[in-house]
Amino acid sequence: MKSKQLKASQLLLRDLSDDFGRLLTSWNPPWVERAVIDRDTYLPVVNDQLFESMQASGGGLATSVNLAYSLTLLTSGLDHADVLVPSLLVIDSPRKAFGNNPSDRQRAAEIYSRFRTLADAYGDRLQLIIADNDPPPIADDSFGRIEFDYANPMVPGVDHPGPDRVTRIENQIDNRSEA
């Protein structure tokens, strides 16, 4: 019985790794040659670079890897009832650290196409909330759009006092370090 469960888990991990690699490479990032999920840590490894070091480097690599990993886990959980991951994914700035050259714009369109494909395939079984500074790079009525500003705050009923009456955290002196 245990060997059967072990084999099923190993197959699931192999499929997860294959799906992650396919998704990340489908976006055609020029710096990805090989992308897998590590069998011991269950974290992404890209070009033999561990997840932690990719996170530390930041930029388009970290953004793309995080996004592909999160989407792969989401779909795996939706496809396999025994994979317990939330069916809600909140994505902040999926195009962060991308430029505006033609290949970056194409990559952004492919990422948003993936969002649309997931929404079409899974319907109300999943919820994607995408915070982005720009409208989706593809035309589609699948995406609802909510814009926030001083007149339409993120939390309805809580008025913003306006930009002249707010001190940004990064502009405040940290008194704790002086104590």
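Is Y42 buried, exposed or partly exposed? With a relative accessible area of 48%, Y42 counts as partly exposed, because buried means under 20% relative accessible area, exposed means over 50%, and partly exposed lies in between (1.4 Å probe, protein chains only). The structure examined here is a predicted model, in which local features need pLDDT of at least 70 and side-chain atom pairs count only at pLDDT 80 or more, while totals for chains, interfaces and linings use all residues. Residues are numbered from 1 along each chain as its sequence is written, and side-chain values use heavy atoms, with hydrogens and water left out.

It helps to begin with the overall fold. The chain contains 4 helices and 5 strands, where helices (H or I, at least four residues) and strands (E, at least two) are DSSP runs numbered from the N terminus. Read from the N terminus on, these elements follow the order α-β-β-β-α-α-β-α-β. The C-alpha trace spans about 65 × 50 × 40 Å along its principal axes. The radius of gyration, taken over C-alpha atoms, is 20 Å for the chain, whereas a compact globule of 179 residues would have a value near 16 Å; the globule rule is 2.2 Å times the number of residues to the power 0.38. Of the 179 residues, 30% are buried. About 12,400 Å² of the chain is exposed, and carbon and sulfur atoms supply 51% of that area; accessible areas come from the Shrake-Rupley method with a 1.4 Å probe, and for residues only the protein chains shown count as cover. Among contacts (heavy atoms within 4.5 Å) with a separation of 6 or more, 56% are accounted for by residues 24 or more positions apart.

Next come the pockets. On a 1 Å grid over the protein atoms alone, a pocket is an open set of points with protein on both sides within 12 Å along at least five of seven lines, in contrast to a cavity, where a 1.4 Å probe fits but cannot get out; lining residues have an atom within 4 Å of a point. Grid points are joined across faces, edges and corners, and a volume is the space filled by probe spheres set on the points. The largest pocket holds about 890 Å³ of space. Its lining consists of 27 residues, and those closest to the pocket centre are I130, A131, G144, R145 and I146. At least two lining residues are supplied by each of β4 (88-92), α4 (102-122) and β5 (127-131), with β5 giving the largest share at 5 residues. Sorted by class, this lining has 16 nonpolar, 5 polar and 6 charged residues; here Ala, Val, Leu, Ile, Met, Phe, Trp, Tyr, Cys and Pro count as nonpolar, Asp, Glu, Lys and Arg as charged, and the others, Gly among them, as polar.

The second largest pocket has a volume of about 290 Å³. Lining this pocket are 13 residues, and S9, L12, L13, L16 and Y42 lie nearest its centre. Two or more of the lining residues come from each of α1 (2-26) and α3 (59-79), and the largest share, 6 residues, belongs to α1. The class count for the second largest pocket is 8 nonpolar, 3 polar and 2 charged residues.

This brings the account back to Y42, which sits in the loop between β1 (35-37) and β2 (44-46). Leaving aside residues up to four places away in sequence, Y42 touches L13, I37 and Y69. The C-alpha atoms of Y42 and L13 are 8.1 Å apart, although 29 residues separate the two in sequence. Y69 also appears in a second distance: its C-alpha atom is separated by 33 Å from that of P156, 87 residues away along the chain. P156 itself is found in the segment after β5 and counts as exposed, at 70% relative accessibility.

T75 offers a buried example, in helix α3, with a relative accessible area of 8%. With residues up to four places away in sequence not counted, T75 touches R114, L118 and Y122.

Finally, two loop residues deserve a note on backbone geometry. Most residues other than glycine have a negative phi. D48, which is not a glycine, has a positive phi of about 65°. D48 lies in the loop between β2 and β3 (49-50) and is exposed at 64% relative accessibility. S93, likewise not a glycine, has a positive phi of about 55° and is placed in the loop between β4 and α4.
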